[in-house]
Amino acid sequence: MTKVVVIGGGFGGLSAAIELANNGIEVDLIDPKDELGGKVATAEDKNGNRFDCGPTVVTLKDVFSNLFAKSNENIDEYVKFNKLDVIARHAWSPDEILDLFSDKQKSFEAVARFSSIAEAKNFREFSTLAQELFSVLEKTYMKCQKPNMLRMVKAIGFRGSKFLLQAGAFSSLWEKLERQFKDERLRQLFGRYATYCGSSPWEAPSTLMLIWDVEMQGVWSVDGGVINLARALKKLAIKKGVNIYKNFCEEILSYNGKITGVRLNNGDHILTDKIIFNGDFGDLDSYLVNHRIRKKNPYYSRKNRSLSAITLMTTTKTAGFKLSRHNIFFNSSYRQEFSDIFKKGKVPSEPTVYICAQDRLNDGSLTPGKDERLFLLINAPPNGDFATISKSEMETCQASVFSLLEKCGLKIDEPKRELCTMTPQTFHTRFPGTGGALYGRPTHGWLSPFTRPSSRSKISGLYLSGGSVHPGPGLPMATISGQLAAEALMEDLGLINQ
Ligand SMILES: Cc1cc2nc3c(=O)[nH]c(=O)nc-3n(C[C@H](O)[C@H](O)[C@H](O)COP(=O)(O)OP(=O)(O)OC[C@H]3O[C@@H](n4cnc5c(N)ncnc54)[C@H](O)[C@@H]3O)c2cc1C
């Protein structure tokens, strides 16, 4: 019987392991962390309150439900999702607040009130474009093992290709938004979707507008936090017979240029000729100790990294601004933010601030009188392996964050006393070889979605999954990547047809 070793228990590793186990393959999954889920994790603030400290926005629920259904299980028996009415609340000042909804008509009316009827019409056109783009790219790109421009054009045909040209597929997201909206604030709002792939709206391709459609299809909260989705995946993996080892893989072993197994931090060896690597692709080199396989791995420039983040967590009281579950506070100098990060490698002086109000219910309500858990995130440069943020830089950064919130009317009761902070350095320690970059390589340039590593590495027997490989970052995409890696591996074993 074939044994496969999966290195890493992020969503890409877990989904690969489940898919393989469903097909009768013996799987050993290795991850040193106490909880599986990788970037999906919790942290504790100084008062002992636990937070989701990784992903908070759950989209494309079907990707997870389908994985359970393929395993003859019902996801609802493992974890409870709640679809949010308000996708996100966006604020520029106390008088400039825009909610977007999963209900298209409600969003249309909100944009009309916030901006103008003309912009609401532009918004409707943009939403339709995003929707069509998603349906064109879902099968031909996202769920395809190694998408290639020519094959994709063939699959979508003349009409599809014409549509991609009309959608401005060769321009940057920002260029597209400049043509679409007159209102700078709407450009900012939709440009921010580039950051979901750790990228700058000025460099990301306009095709990333499809993320708006992904959100329109639904944003969910998970009872007990996103960590419960990771726990559900782990439970499913165990039920399907996956063996889980709490170890770190120190080396991918090889002989004569062929994979032969892994060496763990406790000295144990597991022999296998099939491995799925779920760590960051930028870190793969460090496990390929033998130069005969190492030289087959393509050179990976550590300069080409996606965004990192600074996150702040606090349990506190708020006033002056009614928070929804997901809230975004915008500054006026949006372009400067990306120039600070990608060109100057510094923490932005005027960052956009995302707040997940983790105790808010679907209608935005909160148990009266209770303190609430807030998770704040700003974008930061991915240089956690060679730069440190000094105490004074952090103080300046926090002052800038809280002054923006106050400008928008949100008062946070004595936050500094209780802050629990993560920086690019923290993320680099948690995800080695990344510098704290959270999304693999940035999606910069219209060709970049086609240049991500795909399921099959250049080394025979070594497969790749996770947010740093195709189809890209985010929980649903990492989950799809795991399934694609399992599929490629089973094809090579002759268990399924190519
Ligand atoms: C702060 C933050 C906010 C985010 N927000 C969102 C969001 O709202 N919505 C969304 O969809 N996505 C979000 N993301 C992105 C999303 O979390 C990731 O794209 C996704 O979780 C990546 O999954 P992965 O499969 O690549 O594995 P990862 O989560 O990267 O996990 C990889 C695992 O591999 C293990 N590993 C690595 N090397 C080894 C080794 N040598 N031996 C053993 N184990 C190893 C690690 O311990 C880790 O557990 C966010 C990420 C962060 C950090």
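These legends describe close-up views of a predicted model.

**View 1. The shell around the ligand in the predicted model.**
The ligand is surrounded by 33 residues. Gly-12, Asp-31, Lys-39, Gly-467 and Gly-474 are the closest. By class, the shell holds 16 nonpolar, 14 polar and 3 charged residues.

**View 2. Helices that contribute to the ligand shell.**
Two helices, α1 (11-22) and α15 (475-492), each supply at least two residues of the shell. The most comes from α15, which gives 3 residues.

**View 3. Polar atoms of Thr-56, Asn-278 and Tyr-287 beside the ligand.**
Thr-56 takes part through its backbone: a polar atom there is 3.1 Å from a ligand oxygen atom. Asn-278 uses its side chain instead, with a polar atom 2.9 Å from an oxygen atom of the ligand. Tyr-287 also offers a polar side-chain atom, and this one lies 3.2 Å from a nitrogen atom of the ligand. Taken alone, the ligand exposes 1000 Å². The protein buries 93% of that area.

**View 4. The second largest pocket.**
Its volume is about 330 Å³. The lining counts 20 residues. Closest to the pocket centre are Val-222, Gly-224, Gly-225, Arg-325 and Gln-358. The lining divides into 5 nonpolar, 7 polar and 8 charged residues.

**View 5. Strands and a helix that line the second largest pocket.**
Strands β4 (50-52) and β9 (219-222) each supply at least two lining residues, and so does helix α9 (227-239). β4 gives the most, with 3 residues.

**View 6. Three domains in the protein chain.**
The domain assignment builds domain 1 from four segments of the chain: 3-38, 61-69, 226-302 and 444-492. Domain 2 covers 105-213. Domain 3 covers 307-430. Taken over C-alpha atoms, the centres of domain 1 and domain 3 are 31 Å apart.

**View 7. The cis peptide bond at Pro-471.**
The bond runs from His-470 to Pro-471 and is cis. Its omega is near 5°. Pro-471 sits in the loop between β22 (462-464) and α15. Helix α15 is also the element that gives the most to the ligand shell.

**View 8. The backbone at Leu-60.**
Leu-60 has a positive phi, near 45°, although it is a residue other than glycine. Leu-60 is placed in the loop between β5 (58-59) and α2 (61-70).

Terms used:
Residues numbered from 1 in each chain as written. Predicted model: local features only at pLDDT ≥ 70, side-chain atom pairs only at ≥ 80, totals over all residues. Heavy atoms only, no water. Near = heavy atom within 4 Å. Polar contact = N/O pair within 3.5 Å; in protein donor to acceptor, adjacent residues only side chain to side chain. Areas by Shrake-Rupley, 256 points an atom, 1.4 Å probe, with all protein chains shown as cover. Helix = DSSP H or I, 4+ residues; strand = E, 2+ residues; numbered from the N terminus. Nonpolar A, V, L, I, M, F, W, Y, C, P; charged D, E, K, R; others polar. 1 Å grid on protein atoms, 1.4 Å probe; cavity = no way out; pocket = protein on both sides within 12 Å on 5 of 7 lines; lining within 4 Å. Points joined across faces, edges and corners; volume = space filled by probe spheres on them. Domains from an automatic or database assignment.
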